[in-house]
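The report that follows looks at the open spaces of a protein, at the surroundings of its ligand and at two of its sheets. Please keep the sequence and the structure in view while reading.

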Amino acid sequence: MAAPPAIPRRGLFIGGGWREPSLGRRLPVVNPATEATIGDIPAATAEDVELAVAAARDAFSRDGGRHWSRAPGGVRAKFLRVIAGKIKDRKSDLALLETLDSGKPLDEASGDMEDVAACFEYYADLAEALDGKQHSPISLPMENFKSYVLKEPIGVVGLITPWNYPLLMATWKVAPALAAGCTAVLKPSELASVTCLELGAICIEIGLPPGVLNIITGLGPEAGGPLASHPHVDKIAFTGSTETGKRIMIAAAQIVKPVSLELGGKSPLIIFDDVVDIDKAVEWAMYGIFVNAGQVCSATSRLLLHEKISKQFLDRLVAWAKNIKVSDPLEEGCRLGSVVSEGQYEKTNKFISTARSEGATILYGGARPQMNWQHLRRGFFIEPTIITDVSTSMQIWREEVFGPVICVKEFRTESEAVELANDTHYGLAGGVISNDPERCERISKAIHSGIVWINCSQPCFVQAPWGGNKRSGFGRELGEWGLDNYLTVKQITKYCSDEPWGWYQPPSKL
Ligand code: NAD
C-alpha cells in the first residue's frame, strides 16, 4: 500500500495566488477512516468572499474580456486541456488525498480522478464548438428584419458543492463555467476540500489567468452564504441538500439571481419477476446503493421487488452484501470505506435505529463492521444495511439517508410498482430491471425523475444530462446542458429596410 501523502497546507485561492483567510481561522481535516486530524483548510468569511468576487469580476472584464470571457473558445479550451493533463499526471496523489479526506475506497477515488480529467477535456471540446454556434439566424415572418442569437457567458458565477465526490462535483461546474467564458468562485464542502484546493495549485502551475477561478473553503453559512447573496455574483450553481438548496434560492431571490440546483434523492429501483439472471440484477442493486457508501444523490435506495422473486432475490442480496470487502479505504480491493464524517455516521445510525423502532426489520447489517474487522476499531464505518418490512409512512422510505442503507418493498403489479416508485417528493433518478423491453420503455416514461436507468443503476456519462425534478432540484448539468447553465442567450435584431417604420405621423416639415 502506498504511504499516505501529507495534506498540503494551502490558503484560499484568490486572484491567482494563495491568501490567508481574513480572520486567520482554519478548520481541521479529519480522516474519517481513522478519526485522526491530518491537516487543515482555511475558513473563509464574508471579507474573503468580497475579495474572491472582486477578483472574478476583474478577470471577467479585464481588457474588455479579450483574454477570457470574449476570447475565442479555443483559448479557453487550451487551458481546460492542460488542466486535464495535470489531473492525469497527478491522478494517484490526488486520489490518495481524496480517499484520506472522504473515506472512499482508493479504487473509487482513482476512477473519480479519471472522470475529472475527462470532464475538463469534454468541455474543452464544447468551448471550441461554441464559436461555431454563434450568430445562428432566426427565421422571421417579416423580411425587413434580420435576427440572430449570441450565446454569452452569464458573468461571475458562484459554485457551491458537496463532499461526496469532492473534486468531481466541483469539476461538473468549474469545467463548463470556464468553457462558457464565465469566471468563478468555487466553495467546496468544509468536510472535503483538500483536492479542490489542489485544483488551485494546478491553476497556478499552468498559468490560468488570475481571478478566472477562485476557491474559497469554509463553513456553509460563513462562506457559502455571502457568496449566494452577493450582488455581484450573476448566478449560483449549487449541489447539496434540499434544505440548503432552499436557503440558496431565498438568498438569490433577493436580487433575482438565477440558480440551478442539484439536490437530494430517494430513487427507486424496480425489479420484475422476469429477470433471467438474478445475480446480475442483485449486483446492480448493490452498486446502486453501496458504491461510495451510499453517499450518492442518485443512489437507488428504495428497492421494489416483484413478490414472486422477492425471497430468492433477498437471499442472494444478503449473500452478496456479506461478500463486500469493508476495510481501510486504502487497502487493495476495498469496496466499502467509511462514511465522510462523524455527523454522517451518527445520522445514518439514527436512520437505522428509527427504522427498527418503527417496526422495520434489519435483514442484514445495521451496525459497525465486526468479525474480521479488528483494525476498524476507529473510523466511521457502517455495514451495508438491508431493511425490509417497510411501510410507506416510515422515515426510511421517505427520507434520504445518504449512507449504505437500502429499504425494500414488494409489489404485485406493474401499476403498483410505478405508484410506489413515484411515492416520493424527490425526482432525481430511478431504475427498472426486466427482460421485457416494452415494459422497460413504459416504466421509464412513467417514473417522475430526471434520469432513468434500464437494467442497471448509476452509470454516469459526461455527455448525458444530469439533474432532477420535484425536490431534487432543477436545471441540468453535464452534456451540452451543462454548458447552457453558464450561457445567456442574446437576441440581436436588425432593421434592414430603406423605408421608415411608419407607425407615427411625421411632424410637419414647416
Ligand atoms: P449540504 O447542503 O450540507 O452542503 C452543500 C454545500 O453547501 C457545502 O459546500 C456547504 O458548505 C454549503 N452550504 C451549507 N449551508 C449553506 C448556506 N446557508 N449558504 C450557502 N452554502 C451553504 O450538502 P452536503 O451534505 O455537502 O451533500 C449532501 C447532499 O448533496 C445530499 O442531499 C445529496 O443528495 C446532495 N447531492 C446531490 C447531487 C446531485 O447531483 N443532485 C450530487 C451530490 C450530492
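A pocket, in the sense used here, is an open set of grid points with protein on both sides within 12 Å along at least five of seven lines, and its volume is the space filled by probe spheres set on those points. The model discussed here is a predicted one.

**The pockets**

The largest pocket has a volume of about 1100 Å³. Its lining consists of 43 residues, and those closest to the centre of the pocket are Phe238, Gly240, Ser241, Thr242 and Thr244. Four elements each give two or more residues to this lining, namely helix H7 (220–229), strand S10 (235–239), helix H8 (242–253) and helix H11 (342–357). Which element gives the most to the lining of the largest pocket? It is H8, with seven residues. When the lining residues of the largest pocket are sorted by class, 14 are nonpolar, 17 are polar and twelve are charged.

The second largest pocket has a volume of about 880 Å³, and among the 32 residues that line it, Glu108, Tyr165, Tyr287, Val291 and Gln458 lie nearest its centre. Here the elements that give two or more residues are helix H4 (106–132), helix H5 (166–180) and helix H9 (278–290), and H4 gives the most, with six residues. The lining of the second largest pocket has 20 nonpolar, five polar and seven charged residues.

**The cavities**

Rolling a probe the size of a water molecule over the atoms shows where empty space is left. A cavity is a set of points where a 1.4 Å probe fits but cannot get out, and three cavities of 30 Å³ or more are counted in this model. The largest cavity holds about 70 Å³ of space, and it is lined by 13 residues, with Ala299, Ser301, Glu400, Val401 and Phe402 nearest its centre. The second largest cavity, with a volume of about 60 Å³, is lined by 13 residues, and those nearest its centre are Pro268, Thr424, Tyr426, Gly427 and Ala429. The table sets out the classes of the residues that line these two cavities.

| Cavity | Nonpolar | Polar | Charged |
|---|---|---|---|
| Largest cavity | seven residues | four residues | two residues |
| Second largest cavity | six residues | six residues | one residue |

**Around the ligand**

Of the 29 residues around the ligand, Lys187, Glu190, Ser241, Thr244 and Glu400 come nearest. Some of these names have appeared above: Ser241 and Thr244 are among the residues closest to the centre of the largest pocket, and Glu400 is one of those that lie nearest the centre of the largest cavity. Which part of Thr161 lies 2.8 Å from an oxygen atom of the ligand? It is a polar backbone atom of Thr161. For Trp163, by contrast, it is a polar side-chain atom that lies 2.8 Å from an oxygen atom of the ligand, and in Trp466 an N or O atom of the side chain is 3.1 Å from a ligand oxygen atom.

**Two sheets**

One open sheet is formed by three strands in the order S5-S6-S22, and their pairing is antiparallel. Strand S5 (136–138) and strand S22 (487–495) are the edge strands, since each of them pairs on one side only. Neighbouring strands in this sheet are turned by 35° against each other on average, when direction is ignored. S5 and S6 form a hairpin with six residues between them, and they are joined by three bridges, with Ser136 standing opposite Val149 in S6. How many bridges join strand S6 (residues 145–153) to S22? Nine bridges join these two antiparallel strands; along them, Ser147 stands opposite Thr493 in S22, and Leu150 stands opposite Lys490 in S22.

Another open sheet has seven strands in the order S14-S15-S16-S13-S12-S18-S19, and its pairing is mixed. Its edge strands, each of which pairs on one side only, are strand S14 (361–364) and strand S19 (451–454), and the twist from one strand to the next averages 25°. At one edge of this sheet, S14 pairs with strand S15 (residues 385–388) in the antiparallel sense over three bridges, and Thr361 stands opposite Thr388 in S15.

Technical notes
Residues are numbered from 1 along each chain as its sequence is written. This is a predicted model: local features need pLDDT of at least 70, side-chain atom pairs count only at pLDDT 80 or more; totals for chains, interfaces and linings use all residues. Side-chain values use heavy atoms; hydrogens and water are left out. On a 1 Å grid over the protein atoms alone, a cavity is a set of points where a 1.4 Å probe fits but cannot get out, and a pocket is an open set with protein on both sides within 12 Å along at least five of seven lines; lining residues have an atom within 4 Å of a point. Ala, Val, Leu, Ile, Met, Phe, Trp, Tyr, Cys and Pro count as nonpolar, Asp, Glu, Lys and Arg as charged, and the others, Gly among them, as polar. Two strands pair if DSSP finds at least two bridges between them. Axes are lines fitted to C-alpha atoms, for helices over the stretch in contact, and angles run from 0 to 180 degrees between N-to-C directions. A residue is near a molecule or strand if one of its heavy atoms lies within 4 Å of it. A polar contact is a pair of N or O atoms within 3.5 Å; within protein, one must be able to donate a hydrogen and the other to accept it, and residues adjacent in sequence count only if both atoms are side-chain atoms.
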